[in-house]
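Reader: I'm new to this structure and would like a close look at one part of it, the largest pocket. Could you walk me through what lines that pocket and then show me the chain around it?

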Amino acid sequence: MITTPKILVSACLLGCPVRYDAQSKPVNHPVLQRWHANGWLVPFCPEQAGGLPTPRPAAELQQDGRVMTGEGKDVTAPFLKGAEQALALCQQQKIKYALLKESSPSCGSTNIYDGHFRGKKIAGEGMTSHLLRTHGIRIFSEQQIDELFATLG
């Protein structure tokens, strides 16, 4: 029996207006559209799952591991809760791959904003990406759809 892969995907990449600014970042890629039509994608927004509203203040991961808004509010707890819920969903549905929004304090896989709210990116990963990766889930960004496709064979 051939099992169909399930891929956790940042809901904003599928056009859901879940980002902090109530916008989305839809990706128009034929492979992603085919996976969606096949029912392989499991949309998820860790920030909403963690209890944060939409819209919400922009937040950035700090050097000390906390997530703070530009106004200085600590929102680490909901970010962590959302990451834990993403992991639980992956474990429940036996998801081994995630396609997550680059640069997000939750979903960034190779870069995030530097924590100073000046638009500068640094090497790093968001809370959800980090937790999933440490539990063996392979993380890809929206710039790596072709690589994920090749991995799936």
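**A look at the largest pocket**

Author: Let's start with the lining, keeping in mind that this is a predicted model. Sorted by class, the residues around the largest pocket come out as 17 nonpolar, 10 charged and six polar. That makes a lining of 33 residues, and the ones nearest the pocket's centre are Arg19, Tyr20, Glu47, Ser104 and Pro105. If you want to trace the lining along the chain, look at helix H2 (46–49), strand S3 (59–61) and strand S6 (111–113), the elements that each give two or more residues to it. The space inside the largest pocket comes to about 570 Å³.

Now zoom out to the chain that holds this pocket. You'll find five helices and eight strands in it. Reading from the N terminus, they go β-α-β-α-β-β-α-β-β-β-α-β-α. The radius of gyration is 15 Å, close to the 15 Å from the globule rule for 153 residues, so the chain is as compact as a globular protein of that length. Its C-alpha trace spans about 50 × 30 × 25 Å along the principal axes.

How do the residues sit together? Take the contacts between residues at least 6 apart in sequence: 63% of them join residues at least 24 apart. As for burial, 46% of the 153 residues count as buried. On the outside, the protein chain exposes about 7900 Å², with carbon and sulfur atoms supplying 54% of that area.

Terms used
Residues numbered from 1 in each chain as written. Predicted model: local features only at pLDDT ≥ 70, side-chain atom pairs only at ≥ 80, totals over all residues. Heavy atoms only, no water. 1 Å grid on protein atoms, 1.4 Å probe; cavity = no way out; pocket = protein on both sides within 12 Å on 5 of 7 lines; lining within 4 Å. Points joined across faces, edges and corners; volume = space filled by probe spheres on them. Helix = DSSP H or I, 4+ residues; strand = E, 2+ residues; numbered from the N terminus. Nonpolar A, V, L, I, M, F, W, Y, C, P; charged D, E, K, R; others polar. Rg over C-alpha atoms; globule rule 2.2 N^0.38 Å. Buried < 20%, exposed > 50% of the residue type's maximum accessible area, 1.4 Å probe, protein only. Contact = heavy atoms within 4.5 Å. Areas by Shrake-Rupley, 256 points an atom, 1.4 Å probe, with all protein chains shown as cover.
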